[in-house]
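Colleague: I have the model open and would like to go through it with you. May I begin with a detail and then move outward?
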There are 2 protein chains.
Amino acid sequence: MNSIIVVGGSDAGISAALRARELAPQAVVSMVVADQFPNYSICGLPFYLSGEVEHWQRLAHRSREEIEAAGIRLHLDTRVVAIDPVRHQVMVEQTDHGRATWSYDRLVIATGAKPIRPPIAGIDLPGVFDLHTMQGGLALAQYLDARSVRSAVIIGAGYIGLEMADALIRRGIVGVTVLEQKNAVLPTVDEEFGRRLGAYLGQQGVRAESGVQVTEIERHGDGLRVLGRPSFSIDADLVLVVVGVEPNTELGIRAGVAQGVRGALRVDREMATNLPDVYAAGDCAETYHRLGQDPVYLPLGTTAHKQGRIAGANVTGGHERYAGSLGTQVVKLFERAVARTGWRDEEAKTAGRTPLTVQSTHWDHKGYYPGAHPLHVRVTGDVADGRLLGAQILGHWQSSVAKRIDIFAAALFQGLKVADLLDIDLSYTPPFGSPWDPVQLAAEAWEKASRAD
Amino acid sequence: MNSIIVVGGSDAGISAALRARELAPQAVVSMVVADQFPNYSICGLPFYLSGEVEHWQRLAHRSREEIEAAGIRLHLDTRVVAIDPVRHQVMVEQTDHGRATWSYDRLVIATGAKPIRPPIAGIDLPGVFDLHTMQGGLALAQYLDARSVRSAVIIGAGYIGLEMADALIRRGIVGVTVLEQKNAVLPTVDEEFGRRLGAYLGQQGVRAESGVQVTEIERHGDGLRVLGRPSFSIDADLVLVVVGVEPNTELGIRAGVAQGVRGALRVDREMATNLPDVYAAGDCAETYHRLGQDPVYLPLGTTAHKQGRIAGANVTGGHERYAGSLGTQVVKLFERAVARTGWRDEEAKTAGRTPLTVQSTHWDHKGYYPGAHPLHVRVTGDVADGRLLGAQILGHWQSSVAKRIDIFAAALFQGLKVADLLDIDLSYTPPFGSPWDPVQLAAEAWEKASRAD
């Protein structure tokens, strides 16, 4: 393989390019990036907008120089407009140099996702933003800097919506409202946690409204008015629409790549598409789920990196297989962290399992040592065979919520039973845990409940 | 089974008693405790002595009332002086009631460990303390309260010695010296970490001396003088001897329990001794090692709890097997945490493996988010088959060092390869990690080094 072209420079793209260079130092690896921001941390935008990160340039995972030092040929402001899979060519359009045709031996499509645009009248009005690219983030920052924004409405109470509520409060905006269509905020975790979190957000000055549907945004005086069902009307200086993403597949589809779940590019576990020598990875592609052993759509940076790494190995002639996602995720909101991994009850039921979810609460470390906080842990297991199916944790941001969910993830990775968690030799010292870690106490609570069930 | 007697009320004892009551609610479960302190957190003593925990009573894991509410018959100030395995009886001596003979159907010996008393002249002088029981801790507290202690020498730079150095500095004692016979402090981790930690302790005002052997303690004026090789002499108001523990086996041995590694009571994986219906668990007993699949001696609270739980199930007629220890442990020292799990290089070599240990350093979370700290991670793997053998982490105390070592422990538990760590779907958000967690970046560093090796 001589020429490898990677379309896209975000998580999947960079991991693919780096891995290809690592395994095939002789290969020419080109990374084609549509904008000027290769390998930026889009996940970091809320922390820039909050003021916690002073300069947006710091959001670069890697500098241009570092990427080039790794031997990757970086093409910025370069858009791949078409793929010719028969001729093994891509047509590119460069801001400075016009059109060109480049040949590839193997190609990785890593075009990512794009924000879902819900059917809301007035979604294109000035003052209405989404948040998915560096350009978009910088435009929002400029708007916030230039105007005296005193109130904001965030449509969508998922990870980004809630992170942005935190960010805008931190920034000093007094009136921050989050609107969610489902029954509670953060619908990626169980309603019990969503309600608890909604109440907590209220204490932090965020007005969180669930079960509402936005239908229209209109100009109102100098600002905007958000209208919806059941009948409500909120005025705001700024509206943010963050209701999720969908795969950005146009380039792949036009070239003939087959589509799978939710329209994402269909890939096998080697991240190969149906087209010869064309791979796809990251948010534009399907995700193999480790528990369900079937494709799902789970756009996450961690997944994109892992898929990119697999694609990067395979474009050099490898046959690595993606081990699969567990949907592990965590978010920090003010002083709280919420995390999940694996399946929730209803997902497990859909997959034909017999789940039981048990919630229990434990101190993050020995209560006598200063600074102990409660951790709420929900464990989902299969009552038929005792297998762990998933877990969710809600607690203080300094209670190792993220790394505790990772212990569950490591157990899920290998199909452990809930009871097996009690057998793992985990660490203990009073400032950091208990002789039985909260992870294990939660497993024990599940065990007892499942026997009583 | 009607009558179950558990000798000892610390970690192994309480877990055995609770588990027996849980599985056999009809059984009479008696827990016999030699002193007045059932189920206290001995591990918490340094934090009481430092002043971080105000009242020693808070060190109780469970109150007397909670233990009794669980249906356990608690006998305090009661010493089991002999076991008659033929008659299935124990002879007890009670402070208030004199001698008695009690019958058991099944017995759990959980007599713990006792401090090693090294051959140092003057070790019994007033002002020389060990630290292993509540009484000992309270005596030391009283001594510190009553006298104006300005200087202390700690003999032994293991976990407890270093925690006590931290505690005494926190308490305001200016001259704290730690003496270690081996080449660096904390010899349970690699010398590279020990040296780094020694330098850090110096910055915190602790004088840490390695490669020295104490031979004598003598009175000197109102205080004490500590002498040793290579020739040195240090004066101090207080001396603490904390050079490790040995199994407390006298009761078991006199009854005919066979001994194993380091003189500990020999047990099988069901925690059964050679005597019928007599089990042993915790620091008085051998520990099955999950990697070596052979008995070792590894006195740790976590291990004691797990062994106790197994013994507790089996005295009710169960046949549960102890899954094995990985020697996972963590300690907090000032603002640092140090943790390990599994084998170190030399331990793996002794076990016939071909280890390679690779150290790498990573940010605990994205560098752009405030408060990022470096994590030093040492991964030990087998170059012959790529299997993970162990890991060590040194970092800031708020960098989830403990729970990150637990991710390694969960991987070790199931015999994963180092490369498998890169496949686990771990959580990510900029305030808590990276798209590839430091655990995974360290695994990747090992992989690269092992290929170059």
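Colleague: Which residue in strand 15 of chain A does A:Arg225 stand opposite?

Modeller: Please bear in mind that this is a predicted model. A:Arg225 stands opposite A:Asp235 in strand 15 of chain A.

Colleague: How many bridges join strand 14 of chain A to strand 15, and do they run parallel or antiparallel?

Modeller: Strand 14 (residues 223-229) and strand 15 (residues 232-236) of chain A run antiparallel and are joined by five bridges. The two strands form a hairpin, with two residues between them.

Colleague: Turning to the whole chain, how many helices and strands does chain A have?

Modeller: Chain A has 11 helices and 25 strands. Its radius of gyration is 23 Å, close to the 22 Å that the globule rule gives for 453 residues, so chain A is as compact as a globular protein of that length.

Colleague: What percentage of the residues in chain A is buried?

Modeller: Buried residues account for 54% of the 453 residues in chain A. As for contacts between residues at least 6 apart in sequence, 64% of those in chain A join residues at least 24 apart.

Colleague: Now the contact with chain B: how many residues does each chain give?

Modeller: The contact takes 51 residues from chain A and 51 residues from chain B.

Colleague: Which element of chain A provides the largest share of that side?

Modeller: Helix 10 of chain A does, with 10 residues. Elements that give two or more residues also include helix 8 (301-314) and strand 21 (329-333) of chain A. By class, the side of chain A that touches chain B has 27 nonpolar, 14 polar and 10 charged residues.

How values were computed
Residues numbered from 1 in each chain as written. Chains lettered and ligands numbered in written order. Predicted model: local features only at pLDDT ≥ 70, side-chain atom pairs only at ≥ 80, totals over all residues. Helix = DSSP H or I, 4+ residues; strand = E, 2+ residues; numbered from the N terminus. Rg over C-alpha atoms; globule rule 2.2 N^0.38 Å. Buried ≥ 20, exposed ≤ 12 C-beta atoms within 10 Å, placed from the backbone. Contact = placed C-beta atoms within 7 Å. Nonpolar A, V, L, I, M, F, W, Y, C, P; charged D, E, K, R; others polar. Pairing = 2+ DSSP bridges.
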